[in-house]
Amino acid sequence: MADGTVSGDPAKSEEQESGGVPDVDAGGLTGAQRELLERCLRALQQAENDSHTLAALLLITRVCPANQLDRATLKRIFEALLSLGTALLAALSTDPDMAAHPQLLASVPILLALLADGPASQRQQRRCEKPPSQSGSAHRRPAQAGDKLWSKHPAELLSVFLRLSRDFCGASSEDRLDRCARLALFLPPRGARAEDQELRGAVVCVWAALRPMLQSKLTARQMGPLLVLSACLLDLFGWELVGPPRFCCLLVNRACVEVRMGLEEPPGHRPSPEMRNTLTGCYRIMEAAVEQACCQGAPPPQGSAPSLTLQQSRQVLGVLEEAFSAQIYHLQQVDPSGYADPFVFATFRCLCSWLAEETSSLRDQVTPLLPFLIGYSRSHMQAGGSEQDVRGWMSTVSVSGESGAWTGDDALRYLLPALCHLSAEEGPRKALLGLDAQGLLVDFLSRSWTSLRAGGRVSPDRDPSMETACSVLLNVVVTEPQRVPEEPAFGVLEDLLAEALPVRGAQARAAGPGSQLLHAGAHDGQAPSGSSTRSPHLPVPFCPAWAWWWCR
């Protein structure tokens with residue numbers, strides 16, 4: 001193979017020399033075919049010139065038909081071809097004009113998805129990650145690959161994005177619709193280069209180009225990429241660069257209308273993959289609107305929107321309420337077989353962002369949804385993060401700048417602020433107790449404490465989720481003291497505290513707020529008025545405030 005050629009048909013030559021039928025290996029190839037295949041694969045990966053590469057490609061297709069190859073052999077050929085493809089793209093991307101070519105840019109998402117599939121592709125990924133100039137390898141999904149590339153080649157990738165944004169702003173409205181999805185792929189990660197004035201200027205121009213498009217009459221298929229790009233831009237700089245208050249209201253309204261259209265369907269309807277992608281972008285816009293609404297009356301944070309009038313604020317809250325009502329309707333139709341669906345988690349997470357701030361306006365709809373909310377959280381926590389669909393999605397997708405492995409506790413952590421509000425109201429609290437929410441919370445505290453101990457983090461760090469879980473339990477104990485002797489969960493919690501408090505003992509002696517909390521909760525373990533009995537689980541006055549202080 002030194003000269004990149006071969007004479008005759010190796011399989012036929014072997015048969016003639018042996019005078020019979022050649023031996024065939026487990027992969028369906030003869031010995032000669034197997035030897036030639038190995039030489040071709042080496043040539044693809046280590047070819048000294050283009051002639052060797054071309055000869056190897058031609059020989060593989062001629063001598064090794066795909067229907068004669070086993071799975072392992074096909075995988076090796078695929079990886080060799082992938083390596084060749086990444087090398088070609090890396091070479092093409094050194095030219096600025098080629099790097100911005102639409103067809104080359106369109107191949108980036110596919111290529112990065114292939115490279116993220118497993119360890120077998122790490123060699124090709126390293127080759128793809130070293131563009132000397134204006135590489136087009138800047139895909140925000142998978143998030144880990146995009147973040148890594150931006151950390152290694154920020155100047156080159158910024159140059160690509162600036163060029164794409166100029167092309168986007170200079171294109172006609174029809175062409176912009178086609179460019180929205182591509183531009184979203186090349187945005188930098190959230191927080192990266194946030195102070196770069198060139199980047200900020202480009203984003204301002206993109207928003208200016210998006211405004212007339214979002215104000216025009218578009219089909220759902222056309223509106224989807226616009227809203228997804230808008231959600232990505234919001235992740236990058238918040239509301240600061242979006243535009244005037246009127247347009248901010250329009251953007252939220254557009255997102256809420258799409259959510260209602262996508263979710264208010266007859267039972268049994270499943271949104272298409274394209275619609276799910278659009279709705280996930282709309283969810284991010286809704287979450288950003290909720291975050292903005294929660295800042296009213298407080299000093300405006302960085303990236304906040306221009307101040308809204310009272311009428312505009314009421315309008316935004318009204319359309320948000322309708323969209324979250326549609327989410328509740330959709331989640332009511334989800335049975336346990338759909339708990340591993342990433343789109344269900346995205347819907348659940350967005351609804352929790354609203355419930356964390358507002359539970360009164362939709363109380364009549366939220367209370368009947370509690371069985372799903374608690375069941376969904378319990379199912380994921382008991383599975384321990386083993387659900388492949390959600391686990392894979394969480395490991396590759398950045399959500400509001402967050403990324404990481406799915407542990408199973410994430411669903412409950414998002415729900416906890418809402419539970420803190422709901423447990424203070426009699427109707428929802430009764431429903432939560434009937435669903436054994438207290439047992440779920442104690443199980444969560446036990447798991448979290450075990451994890452902290454195993455990681456060597458015994459305390460200077462705070463865990464807000466553990467604090468909130470303890471606050472929910474405190475609400476129950478204060479408002480339903482008669483339930484304490486009846487609930488095994490509180491006995492388990494006391495045992496957990498007995499183990500945890502000695503570890504925190506040194507801090508307990510020096511903690512003024514801790515002693516105040518102990519005093520405030522000391523009555524919680526007492527028997528109800530008129531009773532002379534105490535819980536058999538509580539030899540000393542039970543104080544859930546201990547747990548709240550212990551997590552601080």
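Is Glu-264 buried, exposed or partly exposed? The structure above is a predicted model, and in this model Glu-264 is partly exposed, because its relative accessible area is 38%, between the 20% that bounds buried residues and the 50% that bounds exposed ones. Its salt-bridge partner is Arg-260, and the two side chains meet at 3.3 Å, N to O. Arg-260 is partly exposed too, with a relative accessible area of 32%.

That pair belongs to a wider set, since a search of the whole structure finds 16 salt bridges. Let us visit a few others. Arg-429 forms a salt bridge with Glu-480, and their closest N and O atoms are 3.1 Å apart. This pair links distant parts of the chain: Arg-429 sits in helix α20 (residues 426–434), while Glu-480 is found in the loop between α22 and α23 (488–503), 51 residues apart. If you look for these two side chains in the viewer, bear in mind that both Arg-429 and Glu-480 are buried.

Next comes the bridge between Glu-486 and Arg-483, whose side chains meet at 4.0 Å, N to O. Here Glu-486 counts as exposed, because its relative accessibility is 55% and the exposed class begins over 50%. Salt bridges can also share partners, and in this way Asp-235, Arg-284, Glu-287, Glu-291 and Arg-349 are joined into one network.

Now turn to helix α22, which covers residues 464–479. The helix has 16 residues and reaches 23 Å from its first C-alpha to its last, close to the 22 Å expected at 1.5 Å a residue. Many of its positions can be followed by name: the buried residues of α22 are Ser-465, Met-466, Glu-467, Thr-468, Ala-469, Cys-470, Ser-471, Val-472, Leu-473, Val-476 and Val-477. As you trace them, it helps to recall that an α-helix has 3.6 residues a turn, so residues three or four places apart point the same way.

Which residues does Ser-465 touch, leaving aside its neighbours within four places in sequence? Ser-465, which lies in helix α22, is in contact with Arg-413, Leu-416 and Phe-444. With Arg-413 there is also a polar contact, made between the two side chains at 3.2 Å. Ser-465 is classed as buried because its relative accessible area is 14%, under the 20% cut-off.

How values were computed: Residues numbered from 1 in each chain as written. Predicted model: local features only at pLDDT ≥ 70, side-chain atom pairs only at ≥ 80, totals over all residues. Heavy atoms only, no water. Helix = DSSP H or I, 4+ residues; strand = E, 2+ residues; numbered from the N terminus. Expected span 1.5 Å × (residues − 1). Buried < 20%, exposed > 50% of the residue type's maximum accessible area, 1.4 Å probe, protein only. Polar contact = N/O pair within 3.5 Å; in protein donor to acceptor, adjacent residues only side chain to side chain. Contact = heavy atoms within 4.5 Å.
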